[in-house]
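Let's take a walk through this structure together, one helix at a time. Have the viewer open and follow along.

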Amino acid sequence: MIVKTLHEKGLKSEHVYAAAFVSIGLSFCSWAGSLKAESRGVERADRWGIFVGEWAPTFFGLGLALAGYEAAEEVTVVDFEA
């Protein structure tokens, strides 16, 4: 139901895959930024990197779900046209 709603709103699997790769980059940037900007040490920087790094698998999973929904929709459209 969520995947259908996101698809109807115009979100495509490519968009979500791009967000996953961006979140990987943001994970590194947040780790490096926290390491340099804060004086709380490596542990704090590691927590920031891991927190943002958790987003990537979620986006990849959502991208797979959207890709499956898009593929099923294409088959349905082709069946009706034939």
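In which helix is valine 22 found? Valine 22 is found in helix H2. Keep in mind that this is a predicted model.

Helix H2 is a good place to get your bearings. It has 25 residues, and from its first C-alpha to its last it reaches 35 Å, close to the 36 Å expected at 1.5 Å a residue.

Now colour the surface by residue type. Val22 joins Leu26, Trp48, Phe51 and Trp55 in making a nonpolar surface patch of about 490 Å². Two elements, helix H2 (13–37) and helix H3 (42–53), each give two or more residues to that nonpolar patch.

Next, look at the buried residues of H2: they are Ser13, Val16, Ala20, Ser23, Ser27, Ser30 and Ser34. Two of these serines are worth a visit.

Start with serine 27, which lies in helix H2. Why does serine 27 count as buried? Its relative accessible area is 14%, and buried means under 20%, so serine 27 qualifies. Leaving aside neighbours within four places in sequence, serine 27 is in contact with Gly49, Val52 and Gly53. With glycine 49 there is a polar detail to zoom in on: a polar atom of the serine 27 side chain lies 2.7 Å from the backbone oxygen of glycine 49.

Then move to serine 13, also placed in helix H2. Serine 13 has a relative accessible area of 4%, so it is buried. Setting aside neighbours within four places in sequence, the contacts of serine 13 are Gly63, Leu66, Ala67 and Glu70.

Definitions and conventions. Residues are numbered from 1 along each chain as its sequence is written. This is a predicted model: local features need pLDDT of at least 70, side-chain atom pairs count only at pLDDT 80 or more; totals for chains, interfaces and linings use all residues. Side-chain values use heavy atoms; hydrogens and water are left out. Patches are made of residues with over 30% relative accessible area and no salt bridge: like charges are joined within 9 Å, nonpolar side chains (Val, Leu, Ile, Met, Phe, Trp, Tyr) within 5 Å. Accessible areas come from the Shrake-Rupley method with a 1.4 Å probe; for residues, only the protein chains shown count as cover. A salt bridge is a side-chain nitrogen of Lys or Arg within 4 Å of a carboxyl oxygen of Asp or Glu. Helices (H or I, at least four residues) and strands (E, at least two) are DSSP runs, numbered from the N terminus. The expected span of a helix is 1.5 Å times one less than its number of residues. Buried means under 20% relative accessible area, exposed over 50%, partly exposed in between (1.4 Å probe, protein chains only). A polar contact is a pair of N or O atoms within 3.5 Å; within protein, one must be able to donate a hydrogen and the other to accept it, and residues adjacent in sequence count only if both atoms are side-chain atoms. Contact means heavy atoms within 4.5 Å.
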